[in-house]
Amino acid sequence: MLTKRSFSTLFSALILINTCALMQQLHAEDEWKITLKNAYIDRNFDQGNIKDTGSWSQGISLFYNSKFHDTPLQILDQPIQIGVDGSVQYAVRLSSDKHVDDTVLPFDPIKKEQADDYLKYGGTLKLKYDQAELRVGELWLNLPMTTVDTSRQLLTSYLGANLKFPVMDKLKVELGRVTKNSPRNQEDFYKFSYTQNGVKHYSDGLDYINLVYDANRDLNVNYYYGHLDNLYDKHYLGIEYQYPIAKNIALHSKLRYFNSQDNNSALNIDSQNIGLLETVKLNNHSVSVGYQQIIGDAYPLPDGFLPELYFINWNVTGFFKKNEKSWHFIYSYDFKDYIPGLISTAKYASGRDIKMANGQKNEESEFNLFTSYNFQTPKLKGLSIQHLFAKYDQDHGNDFMENRFFINYQYKF
């Protein structure tokens with residue numbers, strides 16, 4: 001049921017959209033993007049004493065991205081340019097309250113209630129000089145430790161400042177400080193935190209540097225260092241190489257290494273993650289085999305369901321437990337010759353040698369089937385449908401089946 005706040009927010013969003021349309025006529029070079037997302041997520045546990053989770057929700061989001069405009073300020077006869085970005089994200093729950101945290105909608109642990117709706121918004125000031133760009137405010141980062149999660153309803157975002165600039169044609173540098181994060185299922189921005197042994201530890205912010213070296217069009221090297229104050233440090237090294245074997249056949253190799261160590265005497269973190277993924281593409285077919293190994297402790301992730309999408313093996317569940325070794329196999333097919341816009345991917349992952357807190361060893365497995373369809377007709381441009389089926393099993397713990405169904409619509413103007 002829609003609340004008064006829901007109606008007022010939707011009404012405000014409509015006014016904002018109309019205002020955007022008028023402003024767009026004045027600044028035709030700027031970009032506005034509106035997205036609609038209908039999300040149905042349902043997780044059913046095999047164990048009868050565990051409550052099933054999930055919800056059905058409708059989201060509407062508006063993103064503004066201005067072009068850079070010259071200012072009177074100049075350095076060496078070259079102007080400093082300025083721009084502003086902004087976002088408003090809103091979602092309303094359509095399903096009844098299951099009184100359990102589904103990690104999609106905000107949840108009150110005291111009242112045991114899911115929120116009826118929630119609202120996220122932010123703005124960014126950006127400056128540009130030559131090829132260097134500075135952004136201050138809301139940040140959309142696709143980096144280790146700070147990736148944007150699109151797997152539920154509203155999107156993760158971050159608060160801080162970052163600077164990007166090229167050192168040479170092939171080497172690009174990004175550095176920044178991120179003070180807070182806004183998780184996918186929360187409205188506001190919060191300090192980074194990490195929970196160990198039931199105790200939550202907080203950080204004043206993340207300082208990072210990211211280096212990307214494109215040796216050539218086939219070889220890419222990426223190094224990242226992140227310092228999460230009072231929590232832990234992370235080093236990341238990624239190498240990607242694409243090799244054409246024959247006509248319509250190509251090999252894509254990914255090697256990724258992570259190393260995290262605590263920088264706070266109150267924590268105990270010593271963990272490494274090494275992964276290798278080999279993918280062969282033949283016409284519309286794609287076959288992948290991957291291996292990932294955790295050396296030491298379970299790999300640390302900040303609180304707030306912030307994903308680590310850079311992992312070689314990232315699934316609905318995280319295959320990054322203590323001492324875990326995992327293999328995964330992926331097959332994907334593009335139906336473009338029969339049904340343009342339809343792609344389906346099957347993935348099976350198996351993890352073993354997991355060391356549990358009680359000393360036992362555990363094993364886990366997960367099967368995913370993901371299908372997406374992007375409508376091709378001009379009248380339905382921007383409309384897409386996605387479905388994810390997941391089946392998770394382990395020797396010691398809770399097993400479940402999960403379905404995620406999304407209807408997305410995106411319009412730029």
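**Exercise 1.** In which strand does Leu127 lie? Determine also how Leu127 is classed by accessibility and which surface patch includes this residue.

*Solution.* The model is a predicted one.
Step 1. Leu127 belongs to strand β7.
Step 2. The relative accessible area of Leu127 is 30%; partly exposed means between 20% and 50%, so Leu127 is partly exposed.
Step 3. A nonpolar surface patch is formed by Leu127 together with Ile82, Val84, Leu125, Leu134 and Val136, and their accessible area amounts to about 420 Å² together.
Step 4. At least two residues of this patch come from each of β4 (78–93), β7 (117–129) and β8 (132–139).

**Exercise 2.** Establish how many cavities of 30 Å³ or more the structure holds, and describe the lining of the largest cavity.

*Solution.*
Step 1. A search of the whole structure yields one cavity of 30 Å³ or more.
Step 2. The largest cavity encloses about 40 Å³ of space.
Step 3. Its lining consists of Ser87, Gln89, Lys120, Tyr121, Glu138, Ser157, Ser182, Glu187 and Phe189.
Step 4. Sorted by class, this lining has two nonpolar, four polar and three charged residues.
Step 5. Both β4 and β7 give at least two residues to the lining.

**Exercise 3.** Describe the second largest pocket and identify the salt-bridge partner of Lys200.

*Solution.*
Step 1. The second largest pocket contains about 330 Å³ of space.
Step 2. It is lined by 16 residues, of which Pro183, Gln186, Lys200, Asp303 and Gly304 are the closest to its centre.
Step 3. Two or more lining residues come from each of β11 (190–191) and β13 (199–202).
Step 4. Lys200 forms a salt bridge with Asp303, with 3.0 Å between the closest N and O atoms.
Step 5. Lys200 is in strand β13, whereas Asp303 is in the loop between β19 (285–296) and β20 (325–334), so the pair ties together parts 103 residues apart in sequence.
Step 6. Lys200 counts as partly exposed, at 41% relative accessibility.

**Exercise 4.** State how many salt bridges the whole structure has, then decide whether Arg256 and Glu240 are buried or partly exposed.

*Solution.*
Step 1. The search finds 18 salt bridges.
Step 2. One of them joins Arg256 to Glu240, the closest N and O atoms being 3.0 Å apart.
Step 3. Arg256 lies in strand β17 (residues 249–262) and Glu240 in strand β16 (residues 232–246), 16 residues apart.
Step 4. Buried means under 20%; Arg256, at 10% relative accessibility, is therefore buried.
Step 5. Glu240, with a relative accessible area of 21%, is partly exposed.

Conventions. Residues numbered from 1 in each chain as written. Predicted model: local features only at pLDDT ≥ 70, side-chain atom pairs only at ≥ 80, totals over all residues. Heavy atoms only, no water. Patch = residues over 30% accessible without salt bridge, like charges linked within 9 Å, V, L, I, M, F, W, Y side chains within 5 Å. Areas by Shrake-Rupley, 256 points an atom, 1.4 Å probe, with all protein chains shown as cover. Salt bridge = Lys/Arg side-chain N within 4 Å of Asp/Glu carboxyl O. Helix = DSSP H or I, 4+ residues; strand = E, 2+ residues; numbered from the N terminus. Buried < 20%, exposed > 50% of the residue type's maximum accessible area, 1.4 Å probe, protein only. 1 Å grid on protein atoms, 1.4 Å probe; cavity = no way out; pocket = protein on both sides within 12 Å on 5 of 7 lines; lining within 4 Å. Points joined across faces, edges and corners; volume = space filled by probe spheres on them. Nonpolar A, V, L, I, M, F, W, Y, C, P; charged D, E, K, R; others polar.
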